[in-house]
Amino acid sequence: MWLLPVLFAGLSCSGRHASPDDRLPGAVTHIVVCWLKTPGDSAARDKIIESSGALRDIPGVLSVSAGRMLPSTRPVVDSTYDVALVLVFRDEAALQAYDAHPIHQAMVRDVVRPLVSRFVVYDFAGD
């Protein structure tokens with residue numbers, strides 16, 4: 001699982017590989033990896049993915065991507081989770097403000113807590 005931040009570090013907001021000129025100085029990437037209470041529940045997975053779109057309305061959020069786990073037979077790939085989200089923030093202050101924002105709090109309360117048994121978060125700076 002330690003490789004996950006490294007894998008996402010080379011992606012820009014559009015999902016293509018970023019060149020050094022594409023990186024935003026001070027931008028922060030926030031990765032949330034979720035395991036559902038009912039593993040493989042496609043309706044729960046879809047609800048998380050669809051609900052994540054509202055996070056774009058939080059000030060300082062530059063991009064939001066969410067999707068299902070892509071199964072792999074490669075031993076370095078963790079295929080145990082159900083859904084992951086990747087958010088890019090303007091800076092560390094925007095990430096800190098996001099945590100208390102009502103849209104984020106509503107998603108945690110109304111979507112994440114009812115559906116997710118466990119999650120892991122990775123935050124890193126793209127300096």
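Colleague: What counts as buried, and what as exposed?
Modeller: Buried is under 20% relative accessible area, exposed is over 50%, and partly exposed lies in between (1.4 Å probe, protein chains only). This is a predicted model, where local features need pLDDT of at least 70 and side-chain atom pairs pLDDT 80 or more, while totals for chains, interfaces and linings use all residues. Numbering runs from 1 along each chain as its sequence is written, and side-chain values use heavy atoms, without hydrogens or water.

Colleague: How much of the protein is buried?
Modeller: 36% of its 127 residues.

Colleague: And what's the element order along the sequence?
Modeller: α-β-α-β-β-α-α-β. That gives four helices and four strands, taken from DSSP runs (helices H or I, at least four residues; strands E, at least two) and numbered from the N terminus.

Colleague: What share of the contacts is long-range, say 24 or more positions apart?
Modeller: Such pairs make up 75% of the contacts with a separation of 6 or more. A contact here is heavy atoms within 4.5 Å.

Colleague: Let's look at α2. Which residues are buried there?
Modeller: Helix α2 spans residues 42-51, and A44, R45 and I48 are its buried ones. They sit on the same side of α2, because their arc around the axis is only 100 degrees. The arc is taken from the axis-to-C-beta directions.

Colleague: What's on the face turned away?
Modeller: A43 and E50, both exposed.

Colleague: What covers the buried side of α2?
Modeller: The cover includes β1 (28-36), β2 (61-68), β3 (83-89), α4 and β4 (116-125).

Colleague: Now α3. Which residues are buried?
Modeller: A94, L95 and Y98. These also lie on the same side of their helix, since they span an arc of only 100 degrees around the α3 axis. E92, Q96 and A100 are exposed on the other side.

Colleague: Why would positions like that line up?
Modeller: An α-helix has 3.6 residues a turn, so residues three or four places apart point the same way.

Colleague: What covers the buried residues of α3?
Modeller: β1, β3, α4 and β4 are included in the cover.

Colleague: How do α3 and α4 cross?
Modeller: The axes of α3 (92-100) and α4 (102-115) come within 5 Å and cross at roughly 55 degrees. That makes the pair oblique. Y98, D99 and A100 of α3 make the contact with P102, H104 and Q105 of α4.

Colleague: Is H104 buried or exposed?
Modeller: Buried, at 10% relative accessible area. H104 is part of α4. Beyond its neighbours within four places in sequence, H104 is in contact with L55, I58, Y98 and D99.

Colleague: Switching to β2. What does V61 touch?
Modeller: V61 is in strand β2. Setting aside neighbours within four places, V61 is in contact with L55, R56, L87, V88 and F89. V61 is buried too, with a relative accessible area of 12%.

Colleague: How far is V61 from L95?
Modeller: They are 8.0 Å apart, C-alpha to C-alpha, with their positions 34 residues apart in sequence. L95 is one of the buried residues of α3.

Colleague: And S63, buried or exposed?
Modeller: Buried, at 11% relative accessibility. S63 is in β2. Its C-alpha atom is 9.4 Å from that of T29, and the two residues are 34 apart along the chain.

How values were computed
Axes fitted to C-alpha atoms, helices over the stretch in contact; angles between N-to-C directions. Parallel < 35°, antiparallel > 145°, perpendicular 65-115°, else oblique.
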